[in-house]
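Trainee: Before I use this model for anything, I would like to go through the terms attached to it and hear what each one rests on.

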Amino acid sequence: MADPIRGLTQLKDTDFYIYAGSLTALYEYNVTDAVTTNVGAPYTLVEDGVDASQWSMVTYGSFVLATSGKDLPQIQKTRGASFVAVTGMDVTTVEIFMKRGPHVLGFNTSTSATEFVWSDAGDVDTWIAAADNLAGQLDIRELDTPIMAAAPLGDRIAVYGEDQMFVVNYLANDLVYGYQPAINGIGAVSKSAVVAVGRKNYGLSRQGFWATDGTAFDYIDDPMLKHWWREEVNTALLSKVCSYHDEKNTQVIWYFPYGTTTNSLAVSYNYIRNTWSFITEVLSAVDERRIGEFPIAGTETGGLVLLNNGLNIDGAAIVCTVLTKGIDFENPARVKELDSLRVGKRGVGLTFRTGWAETEEGTITWNAYAAIEEGFNFSNLRTSGRWLYIEFLSNQIDDEWEMFALELKGRVEGTR
């Protein structure tokens, strides 16, 4: 796969399969046999601009449905077979596929950007309503912009415009589906900008990052992040934003272009600790852990990646460093001497080194790295200077640790 990956899904059918959509083709990767097959081409996704395309994929039993919003919606019914156009539809494009109960739903169609359609119960070849089926369509006429995203919200479906949210309900009668207005003030920048976590949605609109339970919402970004987002991020390419729920680390991660035309930066929100982090990781499509042991991701260069397994794309260990700010103990004119460092650590891996500099912006003179024992132990050292630094390093494949305490022992000397 040479093109950027713009959509992913997973399927278990005897073997474990990953389906990836690029700008020009659909691929089937048999994880068990490590075989990649081109199962659909050519397609005409848009790469740059405000309407940059992404694939939306769902599995329905042993079927896989995929749509880019630019070409005819596609379906594969047998492993290894080529995708073909979905039959029984009276629309030529669909932006988003979702599965709910015995139906597959399609949002934002060629008929109307505010319309959603659904298949007959248990039959994805029938989409036009008739007296003898449960297919149908509805237009969300109160929606002021095109449907941008749709995500599960408990037993309902949350549908987002650019600044509005509606809730689609399963009615379990001849009407099958209905909708109702829910919230004004939140929306989505792309079809992959909203993530379901339990009975809540976390998403990204042009105004910032938010969370909702369907009845109320909060913008969750702090003032500094909100200012950075509004002032520095190019909103012209946000249709490339992709996100996923990293359940292992209790966080939601959004990937987006930053200073480039491709996804080049990510921010993560830990919903347990209410903290934010920046991630310099380049991913163009992500799918949370559902079948395999790890979440899966696609890259801008056409690669597939297993996330949270401790390996880089090239199979090497991920190198992680944490560097403290310059430590001056509120008196940069005095020389400080560190005698020992006491670190509380659980797990394996993690080393550290200390250093010093004459000024806050000066060159750091480093000591050698030293291992940190498990527990809460002292490491003897001797480092002195006006500005002190500590750097922690983790760079082995099997590293898995948690640091829970840090104490510095030393004294303040005179000036020089």
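Mentor: Let us begin with burial in the chain, where 49% of the 416 residues are buried, and keep in mind throughout that this is a predicted model.

Trainee: Why is G178 called buried?

Mentor: A residue counts as buried when its relative accessible area is under 20%, and because G178 has a relative accessibility of 13%, it falls in that class. G178 belongs to strand β16, residues 177-184.

Trainee: What makes L138 a contact of G178?

Mentor: Contact means that heavy atoms lie within 4.5 Å, and G178 touches L138, V167, V168, N169 and L171, with residues up to four places away in sequence left out. For V168 there is also a C-alpha to C-alpha distance of 5.7 Å from G178, across a separation of 10 residues in sequence.

Trainee: What makes strand β10 largely enclosed by the rest of the structure?

Mentor: With buried meaning under 20% relative accessible area, 7 of the 7 residues of β10, residues 103-109, are buried, and therefore the strand is largely enclosed.

Trainee: How do you know that β10 pairs with β9 and with β11?

Mentor: Two strands pair if at least two bridges are found between them. Strand β9, residues 94-100, is joined to β10 by 6 bridges, and β10 is joined to strand β11, residues 115-118, by 3 bridges, so both cases satisfy the criterion of at least two. The strands run antiparallel in the β9 and β10 pair, as they do in that of β10 and β11. As examples, F97 has G106 in β10 as its bridge partner, while L105 has W118 in β11.

Trainee: What links the strands of these hairpins?

Mentor: Between β9 and β10 there are 2 residues, and G101 in that turn has a positive phi of about 60°, whereas the hairpin from β10 to β11 passes through 5 residues. Another hairpin is that of β3 and β4, with 4 residues between the strands, where A34 takes a positive phi near 55°. Strands β3, residues 26-30, and β4, residues 35-40, pair in the antiparallel sense over 5 bridges, and N30 stands opposite V35 in β4.

Trainee: Why are β5 and β8 said to stand at the edges?

Mentor: The sheet is an open one of 4 strands in the order β5-β6-β7-β8, with antiparallel pairing. Both β5 (56-60) and β8 (84-85) have a single partner strand, so one side of each is left without a neighbour in the sheet. Within this sheet, β6, residues 63-67, and β7, residues 74-76, pair over 3 bridges, and V64 has Q76 in β7 as its bridge partner.

Trainee: Which strands stand at the edges of the sheet containing β29, and why?

Mentor: That open sheet has 3 strands in the order β33-β29-β35, again with antiparallel pairing. Its edges are β33 (375-385) and β35 (400-412), because each has a single partner strand and is left with one side lacking a neighbour. On average, neighbouring strands of this sheet are turned by 20° against each other, direction ignored. Strand β29, residues 336-348, pairs with β33 over 9 bridges, and V343 has N377 in β33 as its bridge partner.

Trainee: How far apart are the mean positions of the positive and negative charges?

Mentor: For the 32 positive and 53 negative charges of the chain, the mean positions are 8 Å apart.

Terms used: Residues numbered from 1 in each chain as written. Predicted model: local features only at pLDDT ≥ 70, side-chain atom pairs only at ≥ 80, totals over all residues. Heavy atoms only, no water. Buried < 20%, exposed > 50% of the residue type's maximum accessible area, 1.4 Å probe, protein only. Lys, Arg positive; Asp, Glu negative; His and termini not counted. Charge placed at Lys NZ, Arg CZ, Asp CG, Glu CD. Axes fitted to C-alpha atoms, helices over the stretch in contact; angles between N-to-C directions.
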